[in-house]
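Work through the following exercises with the sequence and the structure at hand, and try each task before reading its solution.

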Amino acid sequence: MKTAHELVAAAKTRIREVALDDAEPAVRAADVVLDVREVDEYAAGHIPGALAISRGMMEFTMSSKPEFARPDLNIVLYCKTGGRAALAASALLDMGYRNVQSIAGGYDGWRDAGKAVTTTALPDFD
C-alpha cells in the first residue's frame, strides 16, 4: 500500500511545479489561481485573487462550472506546502487540462518569502 507521501512524490514526477522565485509572474499570467486548502485555511490568509476550491471538491467544481470548461485554461494552484496541490494538479491533468502548475512550497513558502497575502474573500466555489 502507498503512503500519502509516496502518492505526492509520484504526482510531482508528472506535474509542473513553479519555483517560488517564478511564482508571482505565473500567478499574474494565470487565468485562474486555485487555493485547494480547506475553507478555514483560505480565510486565515491566501494569495490575492485566488479562488477557494478545496481539494476534496475540486474535480466536481471544475467539471460543473462553465468558466472552467476550457482544457487550455492556465491554472496555478497551491496548498499549504505543496502536497495537496501536487495531487490536485495531477488530477487536473487526468481531467484533460493542459496548462497546470503548482507552486513549490505552497502558501507557507509564498508567505514566508514576504509575498502579498490577503484575507479578503473571493467567491467560494465549493
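**Exercise 1. Find how many salt bridges there are in this predicted model, and decide whether Asp-35 and Arg-37 belong among them.**

Solution. A pair is accepted when a side-chain nitrogen of Lys or Arg lies within 4 Å of a carboxyl oxygen of Asp or Glu, and by this rule the count comes to 11 salt bridges. For Asp-35 and Arg-37 the N to O distance is 2.7 Å, and their side chains meet in a salt bridge.

**Exercise 2. Determine whether the partners in the salt bridges Asp-35 with Arg-37 and Arg-70 with Asp-72 are buried, partly exposed or exposed.**

Solution. The step needs two cut-offs: a residue is buried under 20% relative accessible area and exposed over 50%, with partly exposed in between. Asp-35 has a relative accessible area of 0% and is therefore buried, and Arg-37, at 5%, also counts as buried. Turning to the other pair, the side chains of Arg-70 and Asp-72 meet at 3.0 Å, N to O. Arg-70 has a relative accessibility of 40%, so this residue counts as partly exposed, and Asp-72, with a relative accessible area of 40%, is partly exposed as well.

**Exercise 3. Describe the salt bridge between Asp-108 and Arg-111, and place the two residues in their helix.**

Solution. Begin with the distance: the closest N and O atoms of Asp-108 and Arg-111 are 3.4 Å apart, and the two residues form a salt bridge. Next, consider their positions, for both lie in helix H6, which covers residues 106–112, and because they are 3 residues apart they are separated by about one helical turn. Asp-108 is buried, with a relative accessible area of 13%, whereas Arg-111 is partly exposed at 37%. Finally, salt bridges with shared partners join Asp-108 and Arg-111 with Lys-80 and Asp-112 in one network.

**Exercise 4. Work out which strands stand at the edges of the open sheet, and give the bridge partner of Ile-75.**

Solution. Start from the order of the 5 strands, E1-E5-E4-E2-E3, in which the pairing is parallel. Strand E1 (16–18) and strand E3 (51–52) each have a single partner strand and so stand at the edges, which leaves one side of each without a neighbour in the sheet. Then look at strand E4 (residues 74–78) and strand E5 (residues 99–103), which pair in the parallel sense over 4 bridges. Here Ile-75 has Val-100, in E5, as its bridge partner.

Definitions and conventions. Residues numbered from 1 in each chain as written. Predicted model: local features only at pLDDT ≥ 70, side-chain atom pairs only at ≥ 80, totals over all residues. Heavy atoms only, no water. Buried < 20%, exposed > 50% of the residue type's maximum accessible area, 1.4 Å probe, protein only. Pairing = 2+ DSSP bridges.
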